[in-house]
2 protein chains.
Amino acid sequence: MMFKKVLIVDDHDDINSGVRTVLNNMGILKIDKAQYCDDAYLKIKKAHLEDDHYDLIITDLSFKKDYRDCSIQSGEQLIAAVKTEQPQLPVIVYSMDNRLQKVRGLISKHHINAYVCKDRKGSAELAQAITAVYNNTIYLSPQVSNALSDKADLEIEDYDIELIKQLANGRSQEEISDYFKQNNKTPNSLSSIEKKLNKLRIQFKANNAIHLVAIVKDLGLI
Amino acid sequence: MMFKKVLIVDDHDDINSGVRTVLNNMGILKIDKAQYCDDAYLKIKKAHLEDDHYDLIITDLSFKKDYRDCSIQSGEQLIAAVKTEQPQLPVIVYSMDNRLQKVRGLISKHHINAYVCKDRKGSAELAQAITAVYNNTIYLSPQVSNALSDKADLEIEDYDIELIKQLANGRSQEEISDYFKQNNKTPNSLSSIEKKLNKLRIQFKANNAIHLVAIVKDLGLI
DNA sequence: AAGCTCATTACGGTTTTCCGCAATGTGTGA
DNA sequence: TCACACATTGCGGAAAACCGTAATGAGCTT
């Protein structure tokens, strides 16, 4: 057997139909789609109330804004809403984003059941993911498969994150020093901040501060 | 009547199948696909030599790198190659990129026949584009429809993106200057690079280079 | 050809970052 | 309490980024 009723949430209509093809090939026929998170949420809620709930949600993470203003603006918000109301409803994320920390967060915070990277073999992996999730196992695309095992970059502290965030927001090291002093966050001397950044540069193999911010952003840490 | 034989060039397999669905719905049955530009180029060339040429090419612009090293690395390069050898072969670009500048360049340099933005209504627009191109008219998605008329542009160019990418990869401005000189990319003096970055900082309201990279990364431009 | 605009390059000075070293502070175990 | 390790801070010099200005060059109009 297999899932019977599935909802696809993705703003791109062709990906929507690409995923639909995958599902059809697996013998799944009751397929709905939503191009906005708000629509998706309402459909899921309605189906649940009418006792005709979905067996599986497949959703993207990022949604382009257009003339409609949506209360749910990202896939992660949608997942959070769905999983708090129906924790048993399986969710597969299907996204371009391949930041490990992002994946890790989705698994630990919202307990998503699979993460598939949109890529050359995206739909093949998606099929695998669906089978895996049906058998109650978590599936991760190879690109992000070490999101659970790899702990190396988890050892970064809140202080470091805050520091790099401030950098990414355009503040100079001196401004950050002042800012930390005002907020009683220690260490806050210019020298200490330099030293911290130096350590972080080494840790992430970055040539300079710009590189560091880029790397940490790619990992999804900030 | 309609096009008979079409090649789809896109690295994402689900978009590939999404486009295929669009074509099927229009009654087009002979459909090939390629996930690498090199493959696409060879297929087009082979079909041409065997007198069984394609009637239409639908291609993306950006292709992710993987283990294969390709001589043609972007959709634009592919288009350039194809259009110089077979100028009469219609090409439709189907891309996430919605920069007017880009569209304008593709039309003026390579004489592409349509530009469709991957978006919520992407596949519907793609169908329109195919019909339009079949009737020998150029089609542009609404988002970029004024690419031909509008001339005042504060848009970001490929050069700028390359420049910021280099920054994000940890190179110093001097190293970027050397790199550009080696690759014959102009302007390449340190002074020019400083000036360009200054303009970009103003354009994106960034306090410094770090801020600039962070902003542009958030916008998804790099 | 002359005049104009604009892009590119060069250069000097200031600010910020980067880096090493030294001084001070803090906590832990002998 | 002393000694030791380690974190924090301060400081000075080198490198890089930042900023204004000026010279040169390329393209266009008249």
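The legends below describe close-up views of a predicted model.

**View 1. The contact between chain B and chain A.** Chain B contributes 37 residues to this contact, and chain A contributes 37 residues. About 3000 Å² is buried between the two chains, with 47% of it on carbon and sulfur atoms. On the chain B side, the residues that lose the most area to chain A are B:Asp14, B:Arg120 and B:Ile210, which together make up 27% of what that side buries.

**View 2. Polar and charged pairs between chain B and chain A.** The two chains are joined by 6 salt bridges. One links B:Lys217 to A:Asp218, with the closest N and O atoms 2.8 Å apart. Across the interface, 20 residue pairs are in polar contact.

**View 3. The side of chain B that touches chain A.** Two or more residues each come from α1 (13–25), α5 (122–134), α6 (158–168) and α9 (209–219) of chain B. The largest share, 7 residues, belongs to α9(B). By class, this side holds 12 nonpolar, 13 polar and 12 charged residues.

**View 4. The protein surface near DNA strand D.** Of the 15 residues around the strand, those that come nearest are A:Pro187, A:Ser191, A:Ser192, B:Glu194 and B:Arg201. Sugar and phosphate make up 55% of the strand D atoms that come within 4 Å of the protein. At least two residues of this surface come from α8 (190–203) of chain A, and at least two from α8 (190–203) of chain B. The surface comprises 2 nonpolar, 8 polar and 5 charged residues.

**View 5. Side chains at the bases and phosphates of DNA strand D.** An N or O atom in the side chain of A:Ser191 is 2.6 Å from a base nitrogen. For A:Ser192, a side-chain N or O atom is 2.5 Å from a phosphate oxygen. A polar side-chain atom of B:Arg201 also lies 3.0 Å from a phosphate oxygen of the strand.

Notes:
Residues are numbered from 1 along each chain as its sequence is written. Chains are lettered from A and ligands numbered from 1 in the order in which they are written. This is a predicted model: local features need pLDDT of at least 70, side-chain atom pairs count only at pLDDT 80 or more; totals for chains, interfaces and linings use all residues. Side-chain values use heavy atoms; hydrogens and water are left out. Contact means heavy atoms within 4.5 Å. Buried area is the accessible area (1.4 Å probe) that two parts lose on being put together, summed over both. A salt bridge is a side-chain nitrogen of Lys or Arg within 4 Å of a carboxyl oxygen of Asp or Glu. A polar contact is a pair of N or O atoms within 3.5 Å; within protein, one must be able to donate a hydrogen and the other to accept it, and residues adjacent in sequence count only if both atoms are side-chain atoms. Helices (H or I, at least four residues) and strands (E, at least two) are DSSP runs, numbered from the N terminus. Ala, Val, Leu, Ile, Met, Phe, Trp, Tyr, Cys and Pro count as nonpolar, Asp, Glu, Lys and Arg as charged, and the others, Gly among them, as polar. A residue is near a molecule or strand if one of its heavy atoms lies within 4 Å of it.
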